[in-house]
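User: I am a first-year student, and I would like a close look at a single part of the structure shown here. Please begin with one pair of residues and work outwards from there, explaining each term as it comes up.

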Amino acid sequence: MSLFVSHTTVDCHDAYGLSEWWRAALGYTSDPEDPNLPGHEECAIFDRDTGHTLLFLQVPDQELPAKRIHFDVRPRERTQDEEIHWLTQHGAVPLADHRGKHGPGTGWLTMADPEGNQFCVLRSEAEVADADRVASDGGTLGEDVLGGGPSPVGPKATEAPTTNPQGPLM
């Protein structure tokens, strides 16, 4: 049992502007099904070859935090709750719980590793697929913005706040 890095998140003041700068600098692309636009609070870009995704999150703080980059991780085999339990048993500390904030089955938990580095635990791809299936059958659960699953084009970072009304793509 383990985690994988879903995407790397960068806190910033202008998510669109910074994502466009890095997109050009790295030769990354954005998802044509979910384009980044000026004013978006969440903008993701990815490498077509490796699938590595950078998510730029606009934060309201006047001063940006010292730790502006963090991993968003997703369980490989366990559920989100099982993975959080395992991480806690191995020294991680829960910091901010955003699970259920945008309805049942949504959200993420911000944690710190044993040295205080923050990361977010998203739902597993299986949990995202289950929620999407319920939503497509007329239920109320759906993919929450950044905590979601794979994008139609590549591993879209769907687990950090964006302009999506349901909250971060987690």
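Analyst: Asp81 and Arg99 form a salt bridge, in which the closest N and O atoms are 2.7 Å apart. The term stands for a side-chain nitrogen of Lys or Arg within 4 Å of a carboxyl oxygen of Asp or Glu. Asp81 belongs to helix α2, whereas Arg99 sits in the loop between β5 and β6, so the pair ties together parts that are 18 residues apart in sequence.

Before going further, please keep in mind that this is a predicted model, in which local features need pLDDT of at least 70 and side-chain atom pairs count only at pLDDT 80 or more, while totals for chains, interfaces and linings use all residues. Residues are numbered from 1 along each chain as its sequence is written, and side-chain values use heavy atoms, with hydrogens and water left out. The names of helices and strands come from DSSP runs numbered from the N terminus, where a helix is a run of H or I of at least four residues and a strand is a run of E of at least two.

Arg99 also meets the side chain of Asp97 in a salt bridge, again with an N to O distance of 2.7 Å, and Asp81, Asp97 and Arg99 are thereby linked in a network of salt bridges. To say how open these residues are, we use relative accessible area, calling a residue buried under 20%, exposed over 50% and partly exposed in between, with a 1.4 Å probe and protein chains only. Asp81 counts as partly exposed at 48%, Asp97 counts as partly exposed at 47%, and Arg99, at 31%, is partly exposed as well.

From Asp97 we can step into the strands. In β6, the bridge partner of Asp97 is Leu109, and β5 and β6 are joined by 4 bridges and run antiparallel. Two strands are said to pair if DSSP finds at least two bridges between them. Leu109 and Met111 point one way from β6, Thr110 and Ala112 point the other way, and all of these are buried. On its way to β7, β6 enters a hairpin with 5 residues between the strands, where Gly116 takes a positive phi near 95 degrees. β6 and β7 then pair in the antiparallel sense over 4 bridges, with Met111 standing opposite Phe119 in β7. Strand β7 (residues 118-121) is also joined to β4 (residues 69-75), but here the strands run parallel and are held by 3 bridges, and Val73 has Val121 as its bridge partner in β7.

These strands belong to an open sheet of 7 strands with mixed pairing, in the order β2-β3-β1-β4-β7-β6-β5. At the edges stand β2 (42-46) and β5 (93-97), each with a single partner strand, so one side of each is left without a neighbour in the sheet. From one strand to the next, the twist averages 30 degrees.

Now return to the helix that carries Asp81. Helix α2 (residues 80-89) lies across β1, β4, β5, β6 and β7, and runs at about 15 degrees to β6. Axes here are lines fitted to C-alpha atoms, for helices over the stretch in contact, and angles run from 0 to 180 degrees between N-to-C directions. Glu83 is placed in helix α2 too, yet Glu83 counts as buried, at 1% relative accessibility. Leaving aside neighbours within four places in sequence, Glu83 is in contact, that is, has heavy atoms within 4.5 Å, with Ser2, Leu3, Pro75 and Arg78.

The network is one part of a wider set, since the structure holds 5 salt bridges. Another of them joins Asp130 and Arg133, with the closest N and O atoms 2.2 Å apart. This pair is 3 residues apart in helix α3, and so Asp130 and Arg133 are separated by about one helical turn. Asp130 is partly exposed at 38%, and Arg133 is partly exposed at 45%.
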